[in-house]
Amino acid sequence: MINFKTGSIFSRKTGGEHQTPEPESDNQVLAVWGSPSSGKTVVSVKLAKYLADKRRNVVLLLCDMTTPMVPCICPPSDIEHEKSLGSILAAAQVTDNLIRQNCILHRKQSFITIIGMLKGENVFTYPSYTAEQASELIGHLRNIAPNIIVDCGSTIAGDILSAVALMESDAVLRLVSCDIKSISYLSSQLPLLMDRKWDADKQYKIASNVKQYEAMENIEQILSGVAFKIPHSQEVEQQYLAGDLFRDLGLKESRGFRKEIEKISKEVFGI
Ligand SMILES: Nc1ncnc2c1ncn2[C@@H]1O[C@H](COP(=O)(O)OP(=O)(O)O)[C@@H](O)[C@H]1O
Ligand SMILES: [Mg+2]
């Protein structure tokens, strides 16, 4: 079983692990995680855009190794410096310079630096990487920008970078959509995190993409409370369909969504 293979970051160990030290600066790494299609990428991009609109530098690390998300969040013409996350993880040692050389720049969003896989790439495009390399990457990102948002993949068991980001981030948004599959997914994945390195207190439980007719109260009960409720927005959905999530949300209908992103940013980044 891949989940519990020897030496995996999910294998149960009996001591000898040292605590990760507190970040030395005010840097803030936020990991966005949750069930598949719960809105992790939407929330990550919109949070990054919110910070950038406030003229804060932000790194958006897109961890999805099975579906490169760069082509899904902005049109190719908006991308300036097309480099890949794969080149960072392929190097024997991760350095600030290596990261800077492999960042993707957005022509219209000068405060946002994107790191992710490119169109057509998959996990086999590059050599395999270790948890140490992933950890080095997360660590070095703290030198690149004061605000770091990691859009994690859902399947942490086979996704080293997402798993390491979850462990080493300062805060985690744990997204769930209001359906039975999402609840079932999380209850199957959470035991993987009940490792001593996982600090459950750093997570914010979030009901995401909540539609009017959904049983919100039931979800709150099942999760014993949620910190934020992000409503469904048709405008967001349309931007997603158009592959352009960096656009402003201007419609009145998106007010609830915008307000919630603002609340999350205040809570997590203090901005
Ligand atoms: N708040 C929201 N309002 C409208 N649509 C949403 C919202 N959140 C997510 N979606 C939709 O849900 C789908 C999955 O979103 P995505 O961010 O890719 O999920 P994930 O990254 O968790 O797999 C997309 O079609 C997206 O438009
Ligand atoms: Mg995603």
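The legends below describe close-up views of a predicted model of a protein chain with a bound ligand.

**Figure 1. Overview of the protein chain, which contains ten helices and eight strands.** Of the 271 residues in the protein chain, 40% are buried. Among contacts between residues at least 6 apart in sequence, 76% join residues that are at least 24 apart.

**Figure 2. The shell of 16 residues around ligand 1.** The residues that come nearest to the ligand are Gly-39, Lys-40, Thr-41, Asn-209 and Tyr-240. Three elements, namely helix H1 (40-53), strand S7 (203-210) and helix H9 (234-242), each supply at least two residues of this shell. By residue class, the shell around ligand 1 divides into six nonpolar, eight polar and two charged residues.

**Figure 3. The packing of helix H1 against helix H10 (residues 255-269).** The axes of H1 and H10 lie 10 Å apart and make an angle of about 75°, and the two helices are therefore roughly perpendicular to each other. From H1, the contact is made by Lys-46, Leu-47, Tyr-50 and Leu-51, while H10 contributes Ile-261, Glu-262, Ile-264, Ser-265 and Phe-269. The residues of this contact comprise six that are nonpolar, one that is polar and two that are charged.

**Figure 4. The crossing of helix H5 (residues 131-144) and helix H6 (residues 160-168).** The axes of these two helices come within 9 Å and cross at roughly 55°, which makes H5 oblique to H6. The crossing of H5 and H6 is right-handed. On the H5 side, the residues that take part are Ala-131, Ala-134, Ser-135 and Ile-138, and on the H6 side they meet Ile-160, Leu-161, Val-164, Ala-165 and Glu-168. Sorted by class, the residues of the contact of H5 with H6 are seven nonpolar, one polar and one charged.

**Figure 5. Ser-37 and Arg-55, two residues with positive phi that are not glycines.** Ser-37, with a phi of about 65°, is placed in the loop between strand S1 (28-34) and H1. Around Ser-37 there are 17 other C-beta atoms within 10 Å, and this residue is accordingly partly exposed. Arg-55, with a phi of about 60°, is found in the loop between H1 and strand S2 (58-62). Arg-55 has 9 other C-beta atoms within 10 Å and is therefore exposed, since a residue counts as exposed if 12 or fewer such atoms lie within that distance.

**Figure 6. The surroundings of Cys-103, in the loop between helix H4 (96-101) and strand S3 (104-105).** Cys-103 counts as buried because it has 20 C-beta neighbours inside 10 Å, and the cut-off for a buried residue is 20 or more. When its neighbours within four places in sequence are left aside, Cys-103 is in contact with His-81, Lys-83, Thr-113, Ile-114 and Ile-115. One of these partners, Lys-83, is 20 residues apart from Cys-103 in sequence, yet the C-alpha atoms of Lys-83 and Cys-103 are 5.9 Å apart in space.

Note on methods: Residues are numbered from 1 along each chain as its sequence is written. Chains are lettered from A and ligands numbered from 1 in the order in which they are written. This is a predicted model: local features need pLDDT of at least 70, side-chain atom pairs count only at pLDDT 80 or more; totals for chains, interfaces and linings use all residues. A residue is near a molecule or strand if its C-beta atom, placed from the backbone, lies within 6 Å of it. Helices (H or I, at least four residues) and strands (E, at least two) are DSSP runs, numbered from the N terminus. Ala, Val, Leu, Ile, Met, Phe, Trp, Tyr, Cys and Pro count as nonpolar, Asp, Glu, Lys and Arg as charged, and the others, Gly among them, as polar. Axes are lines fitted to C-alpha atoms, for helices over the stretch in contact, and angles run from 0 to 180 degrees between N-to-C directions. Angles under 35 degrees count as roughly parallel, over 145 as roughly antiparallel, 65 to 115 as roughly perpendicular and the rest as oblique. A crossing is left-handed if the near helix is turned anticlockwise from the far one by less than a right angle, and right-handed if clockwise. Two residues are in contact if their C-beta atoms, placed from the backbone, lie within 7 Å.
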